[in-house]
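These are my notebook entries on a structure that was new to me. I set down what I looked up, in the order in which I looked.

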Amino acid sequence: MPANSDHLESRTAPQRFSGARRACRVARDEETEDIQVEVEREETPREQPPAREKLHPNTCPVCKSHYREDELRAVLRVCTVCGHHFPVGAEERVEQLADPGSFRPLAEGLRSADPLAFTDLRPYTERLSEAEVATGLGDALIAGTATIAGMPCVLCTMDFSFMGGSMGSVVGEIFTRASDVAAERGIPLVSVTSSGGARMQENILALMQMAKTVCAVDLLQESGVPYVSVLAHPTTGGVIASFAALGDFVVSEPGALLSFAGPRVVQETTRETLPADFGRAESSFEHGLIDAVVKRDELKPKLGQILRLCAGGTLVPMEPGGEIAAPPPGIVARVLRFLRSSQHGDPHTNGGPA
Amino acid sequence: MNSRLPTPFRGLRRRLAERAAESDIWEAVELARHDSRPYTLDYADRLVDDWIELHGDRAGTDDHAIVSGVGSFRGRTIAIVGHQKGRDLKERAFRNFGMAQPQGYAKARRVFALADRLGFPIVTMIDTPGAYPGVEAEQGGQAAAIAQSMLAMTRLRVPTVACVIGEGGSGGALAIGVADRVLMLEHSIYSVISPEGCATILWRDVNQRRKAAAAFKPTARFSYELGVVDTVVAEPSGGAHKDVDRAARLLGDAIGQALDSIEAEPVEQRRALRRAKFRRMGVWLEDGVLVGEKEHDLDPAGLPAE
């Protein structure tokens with residue numbers, strides 16, 4: 001049995017997961033992927049990892065079906081042949097979930113600083129500007145108010161292609177502001193995460209974003225506002241071990257890697273052969289760590305359903321594109337909404353809000 | 001003077017300075033992991049009287065990587081929760097090298113709840129390479145256990161003090177680190193990933209761990225400058241293991257001061273103040289303006305203060 005975990009994975013993983021596994025490997029090492037090719041081999045000749053197939057991003061890694069960009073967008077980036085879920089960028093995720101025109105971004109002007117003057121093989125600032133150019137985003141998380149299936153919420157989505165979706169000060173701050181807006185206005189928070197974990201280039205400050213986002217969720221919970229956490233492939237490390245794990249409802253996309261430690265670390269530490277579905281959404285579901293595994297085309301209706309249930313059936317659906325009113329925080333807001341909604345129907349049908 | 005040197009020599013001087021900074025930081029890493037460095041129970045022995053150790057998560061497991069108990073500390077009963085590493089090979093295996101399973105964090109949570117109910121201030125001691133990365137740990141919800149432990153700490157009504165006494169490794173450390181005051185021993189480290197892990201991922205070579213440590217600066221001084229810890233606690237010269245009694249006295253004084261200052265704050269605001277403290281953490285640019293940086297400038301080369 002070869003010691004190299006890549007090799008091991010490709011042998012033991014069932015066909016259905018192998019694509020996602022490859023993606024996950026890229027996921028954990030996204031930041032070094034390109035260096036390995038361009039720079040590092042010149043500097044330090046050492047054991048070459050076994051050659052990995054470089055697939056076009058629009059080619060399904062499982063069944064090799066290829067899609068044109070607009071085709072793939074139209075099918076929500078799910079392979080129509082085998083059901084493989086391709087990664088979705090932050091903005092496209094908003095398009096998929098929010099009602100058209102309803103998304104009002106917040107905290108747009110935030111950019112990462114470089115408090116540690118961090119340089120590994122390349123300076124952190126260089127990696128940042130590269131990610132900005134590649135994704136067109138300011139950092140790995142975007143947030144805004146929106147409606148999903150008519151239900152108002154605050155929506156945050158992560159972009160894995162921005163430095164592996166890693167959480168530094170900016171991601172922590174945007175999530176916190178989004179959560180605070182939800183708490184203030186009494187509207188539910190929905191987050192869609194896809195992250196390799198905390199951002200090493202900000203070291204201890206990145207670690208503290210775990211505490212910061214947990215504090216934000218604490219305020220949210222104290223305000224009696226629901227939080228729905230959607231875990232997309234992969235949600236690992238400091239993100240799943242902080243806010244993403246604390247949703248009142250936690251759902252995941254099929255095949256998503258959801259683990260605190262990555263498969264490679266676990267394999268190297270325990271020297272055991274990992275189960276084929278290690279850390280996968282399906283395994284997490286079996287172990288009671290998440291509420292549901294939801295296919296991407298069912299995600300929006302499912303979120304709509306959850307949000308409707310949270311509102312106790314008394315939330316008045318907003319007009320798409322309409323402004324979200326800013327009622328006083330928490331319980332008060334919900335009571336007010338309940339009272340308002342009762343003019344339109346029988347308030348007792350669903351028991352009303354808590 | 002410097003500018004007159006031919007270019008290659010200027011480079012050399014910079015590289016020498018970098019090398020010096022690198023070895024200073026690496027020294028801190030090695031001291032933090034020193035074999036004879038005092039662990040949680042060593043401090044508990046010296047800090048409190050009438051110590052009673054508490055065991056188990058009340059759900060079928062007692063994780064030995066986390067120890068907990070109550071005792072009398074300078075006139076008040078406090079609860080102590082901390083990671084515990086092992087001294088010899090056998091004890092190390094018993095303590096799982098201070099790497100907790102999800103059940104360990106459940107144990108911590110139940111002691112937090114007990115202390116909160118009975119009004120015992122909580123002192124946590126952080127000393128772990130990280131939460132245990134194992135298959136069963138993952139299946140048992142390691143990530144959620146860490147998140148819930150942090151959440152439990154944000155809600156406590158009693159004063160809380162976290163002390164980084166050795167290795168503050170990643171989420172496994174922070175899980176018991178969300179406190180009103182965070183103290184850090186002079187020669188301990190606090191980081192998002194181990195230098196080895198960082199070197200493996202960013203340099204693709206574990207042998208670059210010194211460089212990695214120098215780049216991400218896990219030392220007490222930097223953590224203080226970044227506003228992550230409130231107090232750096234001095235250690236006896238050469239490190240806490242040179243004089244454990246004195247190290248414990250110094251730590252005890254710092255804990256006592258921290259508790260006094262927290263107790264002076266209004267109880268009803270404690271949770272909000274704690275939230276506000278962590279809410280402020282981070283450094284970023286907002287519309288081009290730097291936000292969150294503390295007044296004193298960082299020394300980018302990581303050289304120790306003169």
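Entry 1. I began with Asn96(B), which I located in the loop of chain B between helix H3 (89–95) and helix H4 (102–118). The model is a predicted one. I noted that Asn96(B) is not a glycine and yet has a positive phi, about 55°. Most residues other than glycine have a negative phi. I then asked whether Asn96(B) is buried or exposed. Asn96(B) counts as buried, because 22 C-beta neighbours lie inside 10 Å and the cut-off for a buried residue is 20 or more.

Entry 2. I looked up Ala149(A), another residue that is not a glycine but has a positive phi, here about 50°. I found Ala149(A) in the loop of chain A that runs between strand E3 (141–148) and strand E4 (151–158). Ala149(A) has 18 other C-beta atoms within 10 Å, so I recorded it as partly exposed.

Entry 3. I turned to the peptide bonds. Most peptide bonds are trans. I noted a cis peptide bond between His233(A) and Pro234(A), with omega about -20°. Pro234(A) belongs to strand E6 of chain A, residues 227–236.

Entry 4. Which residues touch the most other members of the largest nonpolar core? I listed Leu155(A), Val214(A), Met150(B) and Cys163(B), in a core of 184 residues. Helix H8 of chain A, residues 203–222, supplies the largest share of this core, with 13 residues. In soluble globular proteins, nonpolar side chains tend to be buried together.

Entry 5. I followed Cys163(B) further and left out residues up to four places away in sequence. On that basis, Cys163(B) touches Val123(B), Thr124(B), Met125(B) and Ile126(B), as well as Leu183(B), Leu251(B) and Ile255(B).

Entry 6. I looked up Lys217(B), which lies in the loop between helix H9 (209–216) and helix H10 (220–225) of chain B. Lys217(B) counts as buried because it has 26 C-beta neighbours inside 10 Å. I also noted its separation from Tyr190(B): the two residues are 27 residues apart in sequence, and their C-alpha atoms are 8.8 Å apart in space.

Entry 7. I closed with the predictor's confidence. The complex is given an ipTM of 0.90 and a pTM of 0.83. Chain B has an average pLDDT of 89, and 89% of the residues score at least 70. Over residues 296–306 of chain B, pLDDT stays under 50. For this stretch, the model has 14 contacts beyond four places in sequence.

Key:
Residues numbered from 1 in each chain as written. Chains lettered and ligands numbered in written order. Predicted model: local features only at pLDDT ≥ 70, side-chain atom pairs only at ≥ 80, totals over all residues. Helix = DSSP H or I, 4+ residues; strand = E, 2+ residues; numbered from the N terminus. Buried ≥ 20, exposed ≤ 12 C-beta atoms within 10 Å, placed from the backbone. Core = buried A, V, L, I, M, F, W, Y, C linked by C-beta atoms within 7 Å. Contact = placed C-beta atoms within 7 Å. pLDDT = per-residue confidence, 0-100.
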